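Student: Could you take a close look at one part of this model for me, the pockets and the elements around them? I'd like one connected tour rather than a list.

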Amino acid sequence: MKNTDKHQGLRNQLVKLLKEKGITDGAVLSAINTIPRHLFIDSSFENFAYQDKAFPIDADQTISQPYTVAFQSQLLEVKKGQKILEIGTGSGYQTAVLCLLGATVYSIERQVKLFKKTQNLLPKLGIRPKHLSFGDGYKGLVEHAPFDSIIVTAGAPIIPQALMAQLKVGGRLVIPLGEETQIMTLLIRINEKQFEKHEFGDFKFVPLLENRN
């Protein structure tokens, strides 16, 4: 679990690149500059961990590229103490960013191998989400709702109704929508029945799968 000056230097370079690509949220950049991304991926990729690229992880999933993590995190406009639901824990890297932003994080992962691995890794790094669970992200976590914000880290063909229902009025839902490539989409809940929709261009995610383990 080494985290050296060399790793810090590479993180500094990554943050500089993210700024050049348009990430402006200082708290998000600080989190990315702090979290040892190389510990969230296979050691064979360690030398590439701070490139702005996605990498394969267990269960045919990926760790998103840092720009995507930063972009989604920035869209959430996280405030300390906010209750945030993450759909797709994956490697736990996005979870770690949310925790460093001061959020109270609830996260769901549908791949049991990833769930167990991440559940084991995060405490070793001093990162403690409020609740990690194994289950179907399409259903959300109704027993812990409502949430200040919801982030989906896999490509969804539709916006799951359960997630919309579990969002507080004024809350933000960030979700990549689409089949082959996805459009990053932000929904803001205006009132009980209305949502405001914003779109932010194309991204590429693994698919959000329903009712499968």
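## Around the pockets

Tutor: Let's begin with the walls: at least two residues of the lining of the largest pocket come from each of β2 (61-63), α3 (66-76), β3 (83-87), α4 (93-100) and β4 (104-109). Those labels follow DSSP runs, numbered from the N terminus, with helices being H or I of at least four residues and strands being E of at least two. Bear in mind that this is a predicted model, where local features need pLDDT of at least 70 and side-chain atom pairs count only at pLDDT 80 or more, while totals for chains, interfaces and linings use all residues. Residues are numbered from 1 along each chain as its sequence is written, and side-chain values use heavy atoms, with hydrogens and water left out.

The volume of this largest pocket is about 460 Å³. Its lining has 35 residues, and T62, S64, T153, A154 and V206 are the closest to its centre. A pocket here is an open set of points on a 1 Å grid over the protein atoms alone, where a 1.4 Å probe fits, with protein on both sides within 12 Å along at least five of seven lines; a lining residue has an atom within 4 Å of a point. Points are joined across faces, edges and corners, and the volume is the space filled by probe spheres set on them. By type, the lining splits into 15 nonpolar, 16 polar and four charged residues. In that tally, Ala, Val, Leu, Ile, Met, Phe, Trp, Tyr, Cys and Pro are nonpolar, Asp, Glu, Lys and Arg are charged, and the others, Gly among them, are polar.

Next, the second largest pocket, at about 250 Å³. Two elements give two or more residues to its lining, β1 (55-57) and α5 (112-124), and α5 has the largest share with four. L39, F40, I41, D42, L114, K117, T118 and L121 are among its lining residues. The split for this lining is seven nonpolar, two polar and three charged.

Back to the walls of the largest pocket, and α4 in particular. Seven of the eight α4 residues are buried, where buried means under 20% relative accessible area, exposed means over 50%, and partly exposed lies in between (1.4 Å probe, protein chains only). The buried ones are Y93, Q94, T95, A96, V97, L98 and C99. Just past α4 comes G102, with a positive phi of about 95°. Two of those helix residues, T95 and C99, also touch P129, as do V105 and L122, not counting residues up to four places away in sequence; a contact is heavy atoms within 4.5 Å. P129 sits in the loop between α5 and β5, and counts as buried because its relative accessibility is 17%.

Now β4, another of the walls. This strand joins β5 (residues 131-134) through four bridges, and the two run parallel; strands pair if DSSP finds at least two bridges between them. I108 faces S133 across that pairing. The chain gets from β4 to β5 through α5, making a right-handed β-α-β crossover: with the strands pointing away from the viewer, the path from the first strand over the helix to the second runs clockwise. After β5, G135 lies in the loop leading to β6 (147-152). Leaving aside neighbours within four places in sequence, G135 contacts I108, E109 and R110, and at 16% relative accessibility G135 counts as buried. P146 is in the loop between β5 and β6 too, and a cis peptide bond with omega of about 5° joins A145 to P146.

From β6 you can follow the pairing outward. β6 and β7 are parallel over four bridges, with I150 opposite L173. Strand β7 (residues 167-177) is largely enclosed by the rest of the structure, because eight of its eleven residues are buried. β7 then pairs with β8 (residues 182-189), antiparallel this time, over six bridges, and L177 stands opposite I183. The two form a hairpin with four residues between them, and G178 in the turn has a positive phi of about 140°.

Last, two backbone oddities. D60, in the loop between β1 and β2, is not a glycine but has a positive phi of about 55°. E77, in the loop between α3 and β3, also isn't a glycine, and its phi is positive, near 50°. D60 is exposed at 73% relative accessible area, whereas E77 is partly exposed at 41%.
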